Amino acid sequence: MNKPSLILAPGEARCPGDSVQDVLDADGDNPPPAYRKQAYQYLGSADLPFERYTSRPFFDLEMERMWPRTWQWACREEHIPEVGDYYVYDVGPYSLIVTRTAPDTIKAYYNACLHRGTKLKPSGTTGSSQAISCPYHGWTWSLNGELTRLLCEWDFPHVNKEEFDLPEARVGVWGGFVFVNMDENAVPLDAYLAPLTEDAKRAGFEDRYVSLHVEKELPCNWKVAQEAFLEAYHLLATHPQLLPASGDINTQYDILSDHVDRLFNLVGSPSPLLEREVSQQEILDTMVLGDREQLGGALRVPDGGRARAIMAQYFRDLIGEHCGRDLSAFSVTEVIDTVGYFAFPNAHFFLALSFPIVYRFRPLGTDHTRTLFDLLLLSPVPKDGPRPEPYEPFRVKVEESYGIVPGMDPSMAVIYDQDTGNMGWQQEGFGAAKKKRATLGNYQEVRIRHMHQTLDKYLAG
């Protein structure tokens, strides 16, 4: 007699084998509660129309109803350390001058003169000035946004200078990141980012500096680019070299709020798709990637040892010595695992001490088929000497490899070339397809669906 098959509700199916929580159990070192929570939600199985990526009217609606109403990180505090320092943040047609107006005050001014609309500062620039002056006719504002100079004031009796302050966007600061929001009625930043702000406390983003900054131009819609980093389902086909030491189909996905979700990907644990036994030493050798030549045989797994524990201890010692901190209380998962939080609409924060990266995705200008991908590495501030200056952004064109970026690990460059190499093909495939819809997995691609559902809430009102 045949046994009845187990019928699962949509979204309940999981990869057979060890889960993230199983591996954390085996680590045996009591990670913080944030690493133990599981918050998946089934969000439906309907297809996504390709028009969401290809339609100019859809893009225009995003620009009208979503981008001006969401919190986006514009820069780091270290980009504007002194009074008068400024950083111009652009998204689509919008442009804001983010400037430090006092030691503890940062403001964001709309980057357009109140005379005839000329941009006050060129897009994508940084610098320092003690006033904000229009390059066309010289109208000038103080750092506090007050109109202080109006050439030929006698010809403007209808201009009340007290009513011509520069319009401001809202500003919030978290973890050393400066966020902006053009919606005067937006919820406070802390509420918008919750629970990320609490979950990421031990990562210490505020005690880091930008040690690498890549600006990669991509030939696709901004959502296409971003979605590649919302799931680990692509590892088998796109990054086969990582399989001996990276989870993929056993990655954990959590929906934490309308604006925040999470990917929890294991490092130092072989892919369940790998059809052979993998030794702990091979796992460790795969984990160090391009550092093997530098490290030589320094990292060895003793009999009965685990690669995860060896790698975590190596980074505890290395980072702790660099920044003068005792990291012995940090669990293995906090040190090495890829725990990535997405903050809608375009920011990704990864908490691991060993590889603290952040991403940002924006339309490149007003072209709905081009994207600017910011990749930043945030290294711990060293214990000795002054805080290092932030890495100057390095622009990589569509046809260029990440391998040209000074200071970028060659094996990491290969991985990002693999990731972004898929994106143009996907954008082209939308036009070639007979089936004009994307069909998503219920579990592994739930963060993509979540992003689109949050986007729809903004577009609806």
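**Entry 1: cis prolines**

I started at Pro345, which sits in the loop between strand 15 (338-343) and strand 16 (347-350). I am working from a predicted model. The bond I wanted was the one leading into this proline: from Phe344 to Pro345 the peptide is cis, with omega near 10°.

I then looked up another cis bond, from Ala194 to Pro195, where omega is near 5°. Pro195 belongs to the loop between helix 5 (189-193) and helix 6 (196-199). I noted both bonds because most peptide bonds are trans.

**Entry 2: positive phi**

Next I turned to backbone angles. Most residues other than glycine have a negative phi, so I wrote down the exceptions that I came to.

Asn30 has phi near 55°, a positive value, and is not a glycine. I found Asn30 in the loop between helix 1 and helix 2 (33-36). Is Asn30 buried or exposed? Its relative accessibility is 72%, so Asn30 counts as exposed.

Cys152 is not a glycine either, yet its phi is positive at about 60°. This cysteine lies in the loop between strand 9 (147-149) and strand 10 (168-174). With a relative accessible area of 37%, Cys152 is partly exposed.

**Entry 3: around helix 1**

I stepped back along the chain to helix 1 (residues 20-27), which contains Asp27. Asp27 has 15% relative accessibility; the cut-off for buried is under 20%, so Asp27 counts as buried. What does Asp27 touch, leaving aside residues up to four places away in sequence? I listed Arg306, Arg308, Val332 and Thr333.

Asp25 is also in helix 1, but at 49% relative accessibility Asp25 counts as partly exposed. I checked one distance from here: the C-alpha atoms of Asp25 and Ala298 are 27 Å apart, with their positions 273 residues apart along the chain.

Ser19 is placed in the segment before helix 1. Ser19 is partly exposed, at 29% relative accessible area. From Ser19 to Pro386 I read 43 Å, C-alpha to C-alpha, for a sequence separation of 367 residues.

**Entry 4: strand 3 and its partners**

I spent a while on strand 3 (residues 85-91). Seven of its seven residues are buried, so strand 3 is largely enclosed by the rest of the structure. In a regular strand the side chains alternate between the two faces of the sheet. Here, Asp85, Tyr87, Tyr89 and Val91 point one way, while Tyr86, Val88 and Asp90 point the other way.

Which strands does it pair with? Strand 4 (residues 94-102) runs antiparallel to strand 3, and six bridges join the two. Val91 has Tyr94 as its bridge partner in strand 4. The hairpin of strand 3 and strand 4 has two residues between the strands, and Gly92 there takes a positive phi near 60°.

Strand 6 (residues 126-128) is also antiparallel to strand 3, with three bridges joining them. Asp85 has Ser128 as its bridge partner in strand 6.

**Entry 5: the whole chain**

I closed with the overall figures. The protein chain has 14 helices and 20 strands. Its radius of gyration is 24 Å, close to the 23 Å from the globule rule for 461 residues, so the chain is as compact as a globular protein of that length. The C-alpha trace spans about 95 × 60 × 40 Å along its principal axes.

Of the 461 residues, 54% count as buried. Among contacts with a separation of 6 or more, 66% are between residues 24 or more positions apart. The accessible surface is about 20600 Å², and carbon and sulfur atoms hold 53% of it. My last note is on charge: the mean positions of the 44 positive and 64 negative charges are 4 Å apart.

How values were computed
Residues are numbered from 1 along each chain as its sequence is written. This is a predicted model: local features need pLDDT of at least 70, side-chain atom pairs count only at pLDDT 80 or more; totals for chains, interfaces and linings use all residues. Side-chain values use heavy atoms; hydrogens and water are left out. Buried means under 20% relative accessible area, exposed over 50%, partly exposed in between (1.4 Å probe, protein chains only). Helices (H or I, at least four residues) and strands (E, at least two) are DSSP runs, numbered from the N terminus. Two strands pair if DSSP finds at least two bridges between them. The radius of gyration is taken over C-alpha atoms; the globule rule is 2.2 Å times the number of residues to the power 0.38. Contact means heavy atoms within 4.5 Å. Accessible areas come from the Shrake-Rupley method with a 1.4 Å probe; for residues, only the protein chains shown count as cover. Lys and Arg count as positive and Asp and Glu as negative; His and the chain ends are not counted. The place of a charge is taken as NZ of Lys, CZ of Arg, CG of Asp or CD of Glu.
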